[in-house]
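This briefing covers a two-chain model. Please have the sequence and the 3D view open. The notes are grouped by topic.

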Amino acid sequence: MPRFHARVLVSLRPSVLDPAGEAARSAANRLGVEGISKLRIGKVVDLELEADNESEARKQLELLSDRLFTNPVIEDWSLELQPVPTTTA
Amino acid sequence: MSIGVVVFPGSNCDRDVRWAAQGCLNIPTRFLWHETRDLNGLDAVVLPGGFSYGDYLRCGAIARFAPVLESLVEFVARGGRVLGICNGFQVLTELGLLPGALTRNRSLHFICEDALLTVESNRTPWLMSHQRKDALTLPIAHGEGRYQCSDETLCQLQDDDAIALRYVNNPNGSVADIAGITNKTGNVLGLMPHPERACDPVIGGVDGRGLLQSLLG
């Protein structure tokens, strides 16, 4: 069965305050890096899965992202998906 | 008449709830391991504080899939009373039994202190023994207690008279100073403060007694 590599990027919705991002931004200033107008911290879920085809894989990942990886009240997600190249002997 | 206290791997206030309910208030109490589906004979269920399943991913995100919570959803639909305290409140929002979500405190600090609260609604059995605007002092102990919801949800909570408790001095950045909410029906209450830590006069204050007593009506 084809294998797919996926990265789900989870971020806080724009309307939700990100205190960790704010703390990191102020640390960046102390490091001498000026001019940062936005710094928000999210997370990445990196996974591989088997599926009949890409659209099936996408369906499974949408379910996972909506129901498990994120809480839609406070978080958004986006998906990067690519087939894992089959290795030839 | 008895209540159940759910025990997830990582719960750490389950014994405190039992002490408060059974030891201080003579309410027969039994523990419910997270894998059970049997809620027979219970009048109410408490989801206690702690770090269910390590709170991996998000607070309450994994606990939501526990077998006991499938039975809990049916229990709530039948009108059973459910009280979610701290991590229990987080689980109830992840489960969709209460709206909104709880996220990182504005200060990023874990806050452990007494919080002054006001009773915003005495519509439900949980706070019927109080008057509106009554003051309560209950301990809080959380790193992720900032209640968040959309403007529409906030309006709905207000329209339903579902905001049960507010902080007087908002410690964590919660929307509208919200410390606890109920569902529309009123049989589910979630709150960040710990009523079970305010039931034994030896440890200072008994303002939590009314809430726990209302588990049995």
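Helices here are DSSP runs of H or I with at least four residues, strands are runs of E with at least two, and both are numbered from the N terminus. By that count, Ala20(A) sits in helix α1 (residues 19–30) of chain A. The model is predicted. The points below take each chain in turn, then selected residues.

**Chain A: fold and shape**

- Chain A holds two helices and three strands. Their order along the sequence is β-α-β-α-β.
- The radius of gyration of chain A is 17 Å, whereas a compact globule of 89 residues would have one near 12 Å.
- Along the principal axes, the C-alpha trace of chain A spans about 50 × 35 × 15 Å.
- Buried residues make up 27% of the 89 residues in chain A.
- Take the contacts in chain A with a separation of 6 or more: 73% of them join residues 24 or more positions apart.

**Chain A: surface and charge**

- Chain A has an accessible surface of about 5,800 Å². Carbon and sulfur atoms supply 52% of that surface.
- Chain A carries 11 positive and 14 negative charges. The mean positions of these two sets are 6 Å apart.

**Chain B: fold and shape**

- Chain B has five helices and eleven strands. Its radius of gyration is 15 Å, close to the 17 Å from the globule rule for 217 residues, so chain B is as compact as a globular protein of that length.
- The C-alpha atoms of chain B fill a box of roughly 40 × 35 × 30 Å along the principal axes.
- Of the 217 residues in chain B, 59% are buried.
- Among contacts in chain B with a separation of 6 or more, 72% are between residues 24 or more positions apart.

**Chain B: surface and charge**

- The accessible surface of chain B is about 8,600 Å². The share from carbon and sulfur atoms is 49%.
- Chain B has 18 positive and 23 negative side chains. The centres of the two sets lie 1 Å apart.

**Ala20(A) and its contacts in both chains**

- Is Ala20(A) buried or exposed? Buried means under 20% relative accessible area. Ala20(A) has 18%, so it counts as buried.
- Which residues does Ala20(A) contact, leaving aside neighbours within four places in sequence? They are Ile41(A), Arg104(B) and Leu108(B).
- Ala20(A) and Leu39(A) are 19 residues apart in sequence. Their C-alpha atoms are 9.2 Å apart in space.

**Positive phi in chain B**

- Most residues other than glycine have a negative phi. The two leucines below have positive values.
- Leu108(B), a contact of Ala20(A), has a phi near 70°. Leu108(B) lies in the loop between β5 (101–103) and β6 (111–119) of chain B. Its relative accessibility is 29%, so Leu108(B) counts as partly exposed.
- Leu57(B) has a positive phi of about 75°. Leu57(B) is in the loop between β3 (44–47) and α2 (67–77) of chain B. With a relative accessible area of 31%, Leu57(B) is partly exposed.
- Gly96(B) also takes a positive phi, of about 85°. Gly96(B) comes just after α3(B).

**Helix α3 of chain B**

- Why is helix α3 (residues 87–95) of chain B described as largely enclosed by the rest of the structure? Eight of its nine residues are buried.
- The buried residues of α3(B) include Phe89(B), Val91(B) and Leu92(B). Among them too are Asn87(B), Gln90(B), Thr93(B) and Glu94(B).

**Asn172(B): a buried side chain in a loop**

- Asn172(B) lies in the loop between β9 (163–167) and β10 (178–182) of chain B.
- The relative accessible area of Asn172(B) is 0%, so Asn172(B) is buried.
- A polar atom of the Asn172(B) side chain is 2.9 Å from the backbone oxygen of Gly145(B).
- Not counting residues up to four places away in sequence, Asn172(B) touches Asn105(B), Arg106(B), Ile111(B), His142(B), Gly145(B), Arg146(B) and Tyr167(B).

Conventions
Residues numbered from 1 in each chain as written. Chains lettered and ligands numbered in written order. Predicted model: local features only at pLDDT ≥ 70, side-chain atom pairs only at ≥ 80, totals over all residues. Heavy atoms only, no water. Rg over C-alpha atoms; globule rule 2.2 N^0.38 Å. Buried < 20%, exposed > 50% of the residue type's maximum accessible area, 1.4 Å probe, protein only. Contact = heavy atoms within 4.5 Å. Areas by Shrake-Rupley, 256 points an atom, 1.4 Å probe, with all protein chains shown as cover. Lys, Arg positive; Asp, Glu negative; His and termini not counted. Charge placed at Lys NZ, Arg CZ, Asp CG, Glu CD. Polar contact = N/O pair within 3.5 Å; in protein donor to acceptor, adjacent residues only side chain to side chain.
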